Amino acid sequence: MATTTNRLGELLVREKLISLAQLRHAQEEQQKSGKNLGATLAKLGYIADEDITTFLSQQYRVPTVNLEEYEIDSDILKLVQREQCERHCVIPVSRTGNALIVAMADPTNLNAIDDLKFLTGYNIEPVIASETAITTAIERYYTEAGPSYDDVMAGFDENDIVVTGDDADLNLMELEKASEDAPVVRLVNMILLNAIKKGASDIHIEPYEKKFRVRYRVDGVLAEEMSPPLKLKNAISSRLKIMSSLDIAERRLPQDGRIKLKLGKGREMDFRVSVLPTIWGEKTVLRLLDKGNLQLDMTKLGFDPKPLEDFMWAIHQPWGMVLVTGPTGSGKTTTLYSALSDLNKPAHNISTAEDPVEYNLHGINQVQMHDDIGLNFAAALRSFLRQDPDILMVGEIRDFETAEIAVKAALTGHMVLSTLHTNDAPATISRLLNMGVEPFLITASVNLVLAQRLARKCCSDCKQPIKGDRAILEDCGFSPDQIARAKQQKGVGCKTCNGSGYKGRVALYEVMRFNDTLKELVLQGASTAELKAAAIRNGMCTLRMSGILKVMDGMTTPEEVMRVTISDSSG
């Protein structure tokens, strides 16, 4: 191993990627820590992990692998024990015939290759990844990788599962006992951890007359994940209620709760739990809130330069209102949190009224709504105005009372951020008018309206250039010039994206800056269609236009844009 390390150091110096003095310093540090030379050089800041990986790949002609974007199958992980992975700084990635592909920090480590070959019985084909990436992957997979669904179900003896009559006849003691049964606990844990690994945003656990199913919403689309025995429906819902601190004896009324999980190395995951009684039992929906995965950098959310410039201008005004609109699950909360994160300075007093509070933001006063005791958005807003605020965020404007207070706050020197549910940005003005807000108050208070949707991105691991169908592009709204220039790509399906061809999502934005022309139209009583036409003439890029730009960049597909946006001609 020492010879290999020396060889790496010599090669890096020879290629002038590090100096001789840096190498010697790193070797001294390495002797103290006992870590790999590459990791030591990266820790000292002499060379990036990625540069070492690229260099080794070129030097030894071995391909690299990005472990962060790669999903390793649990069957592959079982071939090599965690201790072996940690000892040699390796992790198995996939299998092809009689060859096992293994990610290694040092592809010349023959001892590791021989060990793995002996232990697994496969020929070992190395690929290169950084030591940091391999260590992170070992921690992630060997900590999270629980038993498979089949493993868990093997713990149940069908003879031990007894139907105890109608649901109404189940007593509390039986429910508690069933929910604490080890296989039920393991099954529920597996459902939660699998959802995290697959990047799901929601888990649906649904009982029907003759079926019990679990579905995950990944990148905005629901797909069935597993179908446990129908007899387990009460035990599983009771287990989730216990984890959420809910009343397991109450099965006639809806209940809401929260589960907090710690996943090692300080990573926390929150699950917002909603239990709803249906005719066949209780349906449970869990919304996953990954605190470590909250993207607050607006430049990475999907904004094009001009809309981002307009949005930044609006939120940095000394007063006024910025409204974000879109359906549930379109990313409104993330956009608002990004804006608040940018505005969060010691000089500003920021208060938010949310239902529910999804993420905790340091330095911001967040208030959870409780309608049952009278703490609604309107009541919270009134209270905020007595708290010497600079910036206010209202989770949603649902009624005239909330809208009226928000508008008055915006007119009295405060910046107000909020959301509504409308189809596009111009329709937001009509919504406020329909609530009863006077036109002159809208024109005086609103700075900007932003509408958004989330479209699935083409999987970066399997996307390929394609020649698009001209008819589909024309239906989508492409001009002849855009059709000629489009660089269309589409995912063919791979392990990373579970064969869907899509992985991750990008936001499509429609940003309507409320200028004098639009204000005059509102005062004249113009329709939504007239407002939209005027906004487009003033340079507004509609949701469909934003999607077309993303298709032209090869980021998503026309079918996906048509799925999440409506045609501009119908607007």
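Guide: Before we start, a definition: two strands pair if DSSP finds at least two bridges between them. Also, this is a predicted model.

Visitor: Okay, so how many bridges do β1 and β2 have?

Guide: Six bridges, and β1 and β2 pair in the antiparallel sense. One example: P92 has V102 in β2 as its bridge partner.

Visitor: What's the strand order in the sheet?

Guide: The order is β1-β2-β3, in an open sheet of three strands with mixed pairing. β1 and β3 are at the edges with a single partner strand each, so one side of each has no neighbour in the sheet. On average, neighbouring strands are turned by 30° against each other, ignoring direction.

Visitor: Switching to α7. Which residues there are buried?

Guide: A112, I113, L116 and T120, within a helix that covers residues 110-120. Their arc around the axis is only 100°, which means they sit on the same side of α7.

Visitor: Why would residues three or four places apart point the same way?

Guide: Because an α-helix has 3.6 residues a turn.

Visitor: And which ones are exposed on the other side of α7?

Guide: Over there, L110, N111 and F118 are exposed.

Visitor: What do the buried residues of α7 pack against?

Guide: They pack against α6 (82-88) and the strands β1 (90-96), β2 (99-104) and β3 (123-128). The helix α7 lies across β1, β2 and β3, and runs at about 135° to β3.

Visitor: What's going on at the start of α7?

Guide: A side-chain oxygen of N109 comes to within 3.3 Å of the backbone nitrogen of N111.

Visitor: And what follows α7?

Guide: G121, with a positive phi near 80°.

Key: Residues are numbered from 1 along each chain as its sequence is written. This is a predicted model: local features need pLDDT of at least 70, side-chain atom pairs count only at pLDDT 80 or more; totals for chains, interfaces and linings use all residues. Side-chain values use heavy atoms; hydrogens and water are left out. Buried means under 20% relative accessible area, exposed over 50%, partly exposed in between (1.4 Å probe, protein chains only). Helices (H or I, at least four residues) and strands (E, at least two) are DSSP runs, numbered from the N terminus. The arc is that of the directions from the helix axis to the C-beta atoms. Contact means heavy atoms within 4.5 Å. A polar contact is a pair of N or O atoms within 3.5 Å; within protein, one must be able to donate a hydrogen and the other to accept it, and residues adjacent in sequence count only if both atoms are side-chain atoms. Axes are lines fitted to C-alpha atoms, for helices over the stretch in contact, and angles run from 0 to 180 degrees between N-to-C directions.
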